Amino acid sequence: MTIDTSHPGPAEEDRPGSGLGRILGRLRRAGPAERMRILTIGGRSIRVAVREGAPEWPPLLLCNGIGVSLELFQPFVDALDPRRGVIRFDMPGIGGSPAPVIPYHLATLPSLLAGLLDQLGHEQADVLGISWGGGLAQQFALSRPDRVRRLVLVATAPGALMVPGRPWVLLRMLSPRRHRDPGYAARIAGELYGGSARKDPIVARDLLHATTRLGPARGYYYQLISMLGWTSLPWLPKLRPPTLILAGDDDPIIPVVNARIMHWLIPRSRLHVYQGGHLELAAGAGRLAAAVEAFLDADLTAEGSQQ
């Protein structure tokens, strides 16, 4: 797989121990080979990366957050068992996926994920969604429960009917500026993402700029407005797949109370509250990958447990 590192910071920052050095170091420790391609599904073209795994293991389908390309998941993918197949993709207008002509709504997207699995020859997958992608993962599991074996929701909420973050945090989310201006990303990283970004905002900046591909601005706005009016809250008790909910105890964008509400509503769900913020799936990939692996491999006999 080819990683686009066309947005590195100054050369003096690309050294062992720096934010950029640590992030790029993870990328250079290549795991199993991945294939990158453009697939057309229902008239939408999306860039897809596939890491083949053991045939007897269901693949893990990853749904990313708003405005970031599939490369953001690289540290997490590298931390997973190499026998686990992984499917990543860029939403239309994000990263390497062409922008659609007209906007879309999240409620219409389960057919996109089902078509992606069809083209790759999979009847079923484990599905992980982070932030905006957590909404997509919930919608897919509600609409097509036959295609989802297990569900992992990370730093996410039930949409419009959620406990919101602070107003100034939400205002910053209305603009893609942090994805286009590295200096601005570093200045706001701690207050916006919390967790490790408070101590080392350079890591958050580099996750957004050194390890992801920049798409057109309208791709971000399309993804943003796709959530208008969407909520999963009334339907969460009908979620059938066993579900793991991962939430940071210092996430300014998605307060942890949302995870507790979802855990209470979703049958057979497990809640794991980790120390950190909104970007820990990449910034603290090793420890969260271990929690995800344990859940995907567990014999889920206990219901509604909390870790």
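## A covered helix, two pockets and a set of salt bridges

Let's start with helix H3, which spans residues 110–120 and is mostly covered, with eight of its eleven residues buried. The model you are looking at is predicted. The buried residues of H3 are Pro-110, Leu-112, Leu-113, Ala-114, Gly-115, Leu-116, Leu-117 and Leu-120. What covers them? Among the elements packed over the buried residues of H3 are the strands E1 (34–41), E2 (44–51), E3 (60–63), E4 (86–89) and E5 (125–130), together with helix H4 (132–143). Just after H3, Gly-121 adopts a positive phi of about 80 degrees.

**The protein as a whole**

Stepping back, you will find 13 helices and eight strands in the protein. Of its 307 residues, 57% are buried. Among contacts between residues at least 6 apart in sequence, 76% join residues at least 24 apart. The protein exposes about 12400 Å², and carbon and sulfur atoms supply 56% of that area.

**Two pockets**

Rolling a probe the size of a water molecule over the atoms shows where empty space is left. The largest pocket has a volume of about 570 Å³. Its lining is made of 20 residues, and those nearest the centre are Gly-159, Met-162, Leu-170, Leu-224 and Met-227. Helix H4 and helix H5 (167–173) each supply at least two residues of this lining. By class, the lining of the largest pocket holds 15 nonpolar and five polar residues, with no charged ones.

The second largest pocket has a volume of about 190 Å³. It is lined by 18 residues, of which His-179, Arg-180, Arg-213, Leu-214 and Gly-215 are closest to its centre. Helices H6 (177–180), H9 (201–209) and H10 (217–225) each give at least two residues to the lining of the second largest pocket. Here the classes are seven nonpolar, nine polar and two charged residues.

**Salt bridges**

Side chains of opposite charge can pair when their charged atoms come close. How many salt bridges does a search of the whole structure find? The search finds 14. Three of these pairs are set out below.

| Pair | Closest N to O distance |
|---|---|
| Arg-83 and Asp-81 | 2.8 Å |
| Asp-118 and Arg-147 | 2.9 Å |
| Asp-250 and Arg-198 | 2.7 Å |

Take the pair of Arg-83 and Asp-81, which meet through their side chains. Arg-83 is partly exposed, with a relative accessible area of 48%, whereas Asp-81 counts as buried because its relative accessibility, 18%, is under the 20% cut-off.

The next pair brings us back to helix H3. Asp-118 forms a salt bridge with Arg-147. Asp-118 lies in H3 and Arg-147 in the loop between H4 and strand E6 (148–154), so the pair ties together parts that are 29 residues apart in sequence. Arg-147 is buried, with a relative accessible area of 5%.

In the third pair, the side chain of Asp-250 meets that of Arg-198. Asp-250 sits in the loop between strand E7 (243–248) and helix H11 (257–265), while Arg-198 belongs to helix H8 (residues 196–199), so this salt bridge ties together parts that are 52 residues apart in sequence. Asp-250 counts as partly exposed at 23% relative accessibility, and Arg-198 is partly exposed too, with a relative accessible area of 44%.

Finally, have a look at Arg-47, Glu-71 and Asp-90, which are linked in a network of salt bridges.

Methods: Residues are numbered from 1 along each chain as its sequence is written. This is a predicted model: local features need pLDDT of at least 70, side-chain atom pairs count only at pLDDT 80 or more; totals for chains, interfaces and linings use all residues. Side-chain values use heavy atoms; hydrogens and water are left out. Buried means under 20% relative accessible area, exposed over 50%, partly exposed in between (1.4 Å probe, protein chains only). Helices (H or I, at least four residues) and strands (E, at least two) are DSSP runs, numbered from the N terminus. Contact means heavy atoms within 4.5 Å. On a 1 Å grid over the protein atoms alone, a cavity is a set of points where a 1.4 Å probe fits but cannot get out, and a pocket is an open set with protein on both sides within 12 Å along at least five of seven lines; lining residues have an atom within 4 Å of a point. Grid points are joined across faces, edges and corners, and a volume is the space filled by probe spheres set on the points. Ala, Val, Leu, Ile, Met, Phe, Trp, Tyr, Cys and Pro count as nonpolar, Asp, Glu, Lys and Arg as charged, and the others, Gly among them, as polar. Accessible areas come from the Shrake-Rupley method with a 1.4 Å probe; for residues, only the protein chains shown count as cover. A salt bridge is a side-chain nitrogen of Lys or Arg within 4 Å of a carboxyl oxygen of Asp or Glu.
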